[in-house]
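Please look at the structure below and follow the text through it, beginning with how the chains meet.

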There are 2 protein chains.
Amino acid sequence: MLELAILGFLCDGSLHGYDLRKRIAALTGHVRPIADGTLYPAIKRLEAAGLLTRRLEAGSVAAPRHMLSLTGAGRARLTALLSEPADAFITDENHWFVLLAFLRHLDDSAAQARPLRRRLAFLTTPASFFYDGDRPLRAADFDDPFRKGLMTIATATSRTELAWLRETLADLEPDS
Amino acid sequence: MLELAILGFLCDGSLHGYDLRKRIAALTGHVRPIADGTLYPAIKRLEAAGLLTRRLEAGSVAAPRHMLSLTGAGRARLTALLSEPADAFITDENHWFVLLAFLRHLDDSAAQARPLRRRLAFLTTPASFFYDGDRPLRAADFDDPFRKGLMTIATATSRTELAWLRETLADLEPDS
DNA sequence: CTCCTATACATCGCTTCCGAGGTATCTCGC
DNA sequence: GCGAGATACCTCGGAAGCGATGTATAGGAG
């Protein structure tokens, strides 16, 4: 999630760590902002991996800023993260939202559609939450009211997401 | 998530690790089943913390099973995990679903309603995804079609969840 | 008779995340 | 002029997850 967010924001232009932290917080609904002890080591990791470079910009404000810029390798890594087959199984809402937000960095609508297609396929597959093997599960299958409720909310959320996915894919691939 | 799932399942009776793994996989839609290298160390941790005990059951099947049982401290920990104020900020769908599935282990409907109330309050608060400070955000606020789409799906999912929360809470607290 | 799969548990190293704590400077209110 | 809060970065230790790998046995297919 974090790596994707950092690379995604930097793809739009240079930013310093503190700014990055605020943007990520805004994008993920200010739910548990990224801790300093998470963000700065992550930046170092990405720098060590050659995915971004740093240029010190002194004097402007309180503390000297380290302006971060994506390298070619960084851009390639972003593309890879946005195109990963694993994106169908993302269960962290924030992770999925961050991916959606940066899908625009993929170069064509076919590439952009691929993660959405995989997600769609996953949600309509017997390997998912809503099946016991090949048998589709229903809320009525459960006696316990909480298990029943869980099934209801899971189904409703899934239906909402499916409707959105189908609509978005229709816009993205008008021909198919 | 994992700790909650283990304690939750064991609260219904003794299970061995391998069974636990299958049950957790079924509950979370078989999305990336818990790895052995995650589950067994977790069981050891909980055992070391005095939250569960193990009894070896030999001979019955291929390998000897370690039947796990909750202790009093384990039951108390489960109650604590189900009642935590942090549950409003859970962004992992599986984590939230596991919590819902085991809410029945709380002893009264007031306690069961509390996490749902907190979730409801969070989703309707300016600290959440849908606000920029106090200003509510709308899909139309964004130019980029993906940012727009992200706002649309986030809003739709949230609305779906809110409707379910309100309905469930009405069943749980008929008086309020 | 042999191979494959399922059952059942374990350890190792790697990576990541988090909280706590530390260091500085600038600005604004009082 | 003094403290609070924002800006801006850092390091450290601990906890937790994951993939790889290892070790058994049982049962069924070929």
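**Where the two chains meet**

In this predicted model, chain A and chain B each bring residues to their contact: 35 residues from chain A and 35 residues from chain B. Between them the two chains bury about 3,200 Å², and 72% of that lies on carbon and sulfur atoms. On the chain A side, the residues that lose the most area to chain B are A:T91, A:F146 and A:I153, which together make up 21% of what that side buries.

Polar and charged groups also pair up across the interface. Seven residue pairs are in polar contact, with both residues at pLDDT 80 or more. Three helices of chain A give two or more residues to the side that touches chain B: α5 (93-102), α6 (109-123) and α7 (145-172). The largest share of this side, 13 residues, comes from α7(A). Sorted by type, the residues on this side of chain A are 17 nonpolar, eleven polar and seven charged.

The interface of chain A and chain B also has two salt bridges. One joins B:D144 to A:R104, and the closest N and O atoms of this pair are 3.6 Å apart.

Next comes the largest pocket. Its volume is about 1,100 Å³. Which residues lie nearest its centre? They are A:T91, A:D92, B:T91, B:D92 and B:H95, out of 41 residues that line the pocket. A:T91 was also named above, among the residues of chain A that lose the most area to chain B. The lining of the largest pocket divides into 22 nonpolar, nine polar and ten charged residues.

Conventions:
Residues are numbered from 1 along each chain as its sequence is written. Chains are lettered from A and ligands numbered from 1 in the order in which they are written. This is a predicted model: local features need pLDDT of at least 70, side-chain atom pairs count only at pLDDT 80 or more; totals for chains, interfaces and linings use all residues. Side-chain values use heavy atoms; hydrogens and water are left out. Contact means heavy atoms within 4.5 Å. Buried area is the accessible area (1.4 Å probe) that two parts lose on being put together, summed over both. A salt bridge is a side-chain nitrogen of Lys or Arg within 4 Å of a carboxyl oxygen of Asp or Glu. A polar contact is a pair of N or O atoms within 3.5 Å; within protein, one must be able to donate a hydrogen and the other to accept it, and residues adjacent in sequence count only if both atoms are side-chain atoms. Helices (H or I, at least four residues) and strands (E, at least two) are DSSP runs, numbered from the N terminus. Ala, Val, Leu, Ile, Met, Phe, Trp, Tyr, Cys and Pro count as nonpolar, Asp, Glu, Lys and Arg as charged, and the others, Gly among them, as polar. On a 1 Å grid over the protein atoms alone, a cavity is a set of points where a 1.4 Å probe fits but cannot get out, and a pocket is an open set with protein on both sides within 12 Å along at least five of seven lines; lining residues have an atom within 4 Å of a point. Grid points are joined across faces, edges and corners, and a volume is the space filled by probe spheres set on the points.
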